[in-house]
Amino acid sequence: YYVSLHVRRSNRAAFRLYTETLKYEIHGVEAGYYADGEDAYDMRCYFPENDPDRKAKELKKIADAGKTGGDDTDGVVAVGVEDISVGVEAVKVS
């Protein structure tokens, strides 16, 4: 699974944030992506795949939050990667 986004080639601050801090990788370059003709980096951040119980843990968090009125998450929202859809691409990687 991964999250994808686009960043203007000229936006060095955003590029550094996504590559250095958030560990996104450049997947490609979209020529003329923006209305003004500027190119964009197609960037992806892959989810860790070394936890085989990840889905079960996420579902348990959601179920537990529902039992207690929904507010025992300390402001953290538990969402399964299959639920990501708006503005983000989720793809299963084998």
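## The sheet

Strand 1 and strand 3 run antiparallel to each other and are joined by seven bridges. This is a predicted model, so read everything below as a description of that model. On the other flank, strand 3 (residues 40-46) is tied to strand 2 by five bridges, and that pairing is antiparallel too. Put together, you get an open sheet of three strands, ordered 1-3-2. Strand 1 (2-8) and strand 2 (25-30) are the edge strands, each pairing on one side only. From one strand to the next, the twist averages 25°.

If you want to check the register, R44 is a handy place to start. In strand 3, R44 is the bridge partner of S4, and R44 is also the bridge partner of E25. Further along strand 3, A40 is the bridge partner of E30.

## The helix and the covered strand

Helix 1 (residues 12-21) packs on this sheet and touches strand 1, strand 2 and strand 3. The direction of helix 1 makes about 20° with that of strand 3.

How many of the seven residues in strand 3 are buried? Six of them are, so to speak, under cover: strand 3 is mostly covered.

## The nonpolar core

Nonpolar side chains in soluble globular proteins tend to be buried together. Here the largest nonpolar core has nine residues: V3, L5, V7, A14, F15, Y24, Y41, M43 and C45. Strand 1, helix 1 and strand 3 each put in at least two residues of this core.

Y24 is a good member to click on. Leaving aside residues up to four places away in sequence, Y24 touches V3, L5, Y18, T19, M43, R44 and C45. Of these contacts, V3, L5, M43 and C45 are among the residues listed for the core.

## A buried acid without a partner

D42 sits in strand 3. Which side chain of opposite charge is nearest to D42? That would be R44, at 4.4 Å. A salt bridge here needs a side-chain nitrogen within 4 Å of a carboxyl oxygen, and D42 has no salt bridge even though D42 is buried.

What does D42 touch instead? Not counting residues up to four places away in sequence, the contacts are S4, L5, H6, E25, I26, H27, G28 and E30. Strand 1 covers 2-8 and strand 2 covers 25-30, so you can place these contacts on the two edge strands.

## Salt bridges

The structure holds four salt bridges. One of them is between the side chains of R8 and D36, at 3.1 Å from N to O. R8 is in strand 1 and D36 in the loop between strand 2 and strand 3, so this pair links parts of the chain 28 residues apart. R8 also forms a salt bridge with E38, and there the closest N and O atoms are 2.6 Å apart. Because R8 lies in strand 1 and E38 in the loop between strand 2 and strand 3, the pair ties together parts that are 30 residues apart in sequence. R8, D36 and E38 are thus linked in a network of salt bridges.

R9 is up next: R9 and D39 form a salt bridge whose closest N and O atoms are 3.7 Å apart. R9 is in the loop between strand 1 and helix 1, while D39 is in the loop between strand 2 and strand 3, so this pair ties together parts 30 residues apart in sequence. As for exposure, R8 counts as partly exposed because its relative accessibility is 27%, and D36 is exposed, with a relative accessible area of 54%. R9 is partly exposed at 37%, and D39 is partly exposed at 23%.

## An unusual backbone angle

Most residues other than glycine have a negative phi. Which sign does the phi of K23 have? Positive: the value is near 65°, in a residue other than glycine. K23 is found in the loop between helix 1 and strand 2. K23 counts as exposed because its relative accessibility is 55%, and the cut-off for exposed is over 50%.

Conventions. Residues are numbered from 1 along each chain as its sequence is written. This is a predicted model: local features need pLDDT of at least 70, side-chain atom pairs count only at pLDDT 80 or more; totals for chains, interfaces and linings use all residues. Side-chain values use heavy atoms; hydrogens and water are left out. Two strands pair if DSSP finds at least two bridges between them. Helices (H or I, at least four residues) and strands (E, at least two) are DSSP runs, numbered from the N terminus. Axes are lines fitted to C-alpha atoms, for helices over the stretch in contact, and angles run from 0 to 180 degrees between N-to-C directions. Contact means heavy atoms within 4.5 Å. Buried means under 20% relative accessible area, exposed over 50%, partly exposed in between (1.4 Å probe, protein chains only). A nonpolar core is a set of buried Ala, Val, Leu, Ile, Met, Phe, Trp, Tyr and Cys residues joined through side-chain atoms within 4.5 Å. Lys and Arg count as positive and Asp and Glu as negative; His and the chain ends are not counted.
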